[in-house]
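Work through the exercises below with the sequence and the model side by side. Each task is followed by a solution that goes step by step.

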Amino acid sequence: MKKSQVVLQSGRSSSTSSLVVRYWECQKNHAASIGGHAVDGCREFMASGMEGTTRALTCAACGCHRNFHRKEVETEVVCEYTPPNS
């Protein structure tokens, strides 16, 4: 997982953050029913449909639900800070 980045700048006090979520390789165990372990080799989730539809949750490459793919969350926080006068 990526680490968070905090940037401090002089000026008025405010903060913003952005969140980027990506889904990588498929981790579905296709041999679980026979006691084994086998993955299909899908390297990255690609949505089958437009955002907001049920097809957007199905991978076009392997046909699995998005939840079977490894999730990576990248956050960036930017804060502006004015130190108090001494």
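The exercises that follow concern a predicted model, and they go from the fold to single residues.

**Exercise 1. The chain as a whole**

Determine how many helices and strands the chain has, and in which order the elements run.

Solution. Begin with the secondary structure: the chain has 0 helices and 3 strands, and from the N terminus on the elements run β-β-β. Turn next to burial, where 14% of the 86 residues of the chain count as buried. The accessible surface comes to about 6600 Å², and 52% of this surface belongs to carbon and sulfur atoms. Finally, take the contacts between residues at least 6 apart in sequence: of these, 58% join residues at least 24 apart.

**Exercise 2. The cysteines**

Find out how many disulfides the structure holds, and explain why Cys42 and Cys59 are not bonded to each other.

Solution. Start from the chemistry: a disulfide is a covalent bond between the sulfur atoms of two cysteines. The count for this structure is 0 disulfides. For Cys42, the closest cysteine sulfur is that of Cys59, and because the two sulfurs are 3.8 Å apart, they are too far from each other for a bond; the cut-off applied here is within 2.5 Å. Cys59 is likewise in no disulfide, and the cysteine sulfur nearest to Cys59, that of Cys62, is 3.8 Å away. As to burial, Cys42 has a relative accessible area of 9% and is therefore buried, while Cys59, with 2%, is buried as well.

**Exercise 3. The surroundings of Cys64**

Locate Cys64 in the chain, and list which residues Cys64 contacts once its neighbours within four places in sequence are left aside.

Solution. Cys64 is placed in the loop between strand 2 and strand 3, and its relative accessibility of 5% means that Cys64 counts as buried. With the sequence neighbours within four places left aside, Cys64 is in contact with Cys26, Lys28, His30, Asp40, Leu57, Thr58, Cys59 and His69. For one of these partners, Cys26, the separation along the chain is 38 residues, whereas the C-alpha atoms of Cys26 and Cys64 are separated by 7.9 Å.

**Exercise 4. Aromatic rings**

Identify the aromatic pair of the model and describe its geometry.

Solution. A pair of aromatic rings is described by the distance of the centres and the angle of the planes. The count comes to 1 aromatic pair, formed by Tyr23 and Phe45, with 6.1 Å from centre to centre and 65° between the planes, so that the pair is classed as edge-to-face. The two residues lie in distant parts of the chain, 22 residues apart, with Tyr23 in strand 2 (residues 14-26) and Phe45 in the loop between strand 2 and strand 3. Tyr23 is buried at a relative accessible area of 16%, and Phe45 is buried at 12%. A further ring, that of Phe68, has the charged end of Lys28 sitting over it, 5.1 Å from the ring centre.

**Exercise 5. Two strand residues**

Decide whether Glu72 is buried or exposed, and do likewise for Ser18.

Solution. Glu72 has its place in strand 3 (residues 69-80) and counts as buried because its relative accessibility is 18%, where the cut-off is under 20%. The side chain of Glu72 makes a polar contact, at 3.5 Å, with the side chain of Trp24. Ser18 lies in strand 2 and is partly exposed, with a relative accessible area of 38%. Apart from neighbours within four places in sequence, Ser18 is in contact with Glu74, Thr75 and Glu76. The C-alpha atoms of Ser18 and Val77 are separated by 6.6 Å, although these residues are 59 apart along the chain.

Definitions and conventions
Residues numbered from 1 in each chain as written. Predicted model: local features only at pLDDT ≥ 70, side-chain atom pairs only at ≥ 80, totals over all residues. Heavy atoms only, no water. Helix = DSSP H or I, 4+ residues; strand = E, 2+ residues; numbered from the N terminus. Buried < 20%, exposed > 50% of the residue type's maximum accessible area, 1.4 Å probe, protein only. Polar contact = N/O pair within 3.5 Å; in protein donor to acceptor, adjacent residues only side chain to side chain. Phe/Tyr/Trp six-rings, centres within 6.5 Å; stacked < 30°, edge-to-face > 60°. Lys NZ or Arg CZ within 6 Å of the ring centre and 35° of its normal. Contact = heavy atoms within 4.5 Å. Areas by Shrake-Rupley, 256 points an atom, 1.4 Å probe, with all protein chains shown as cover.
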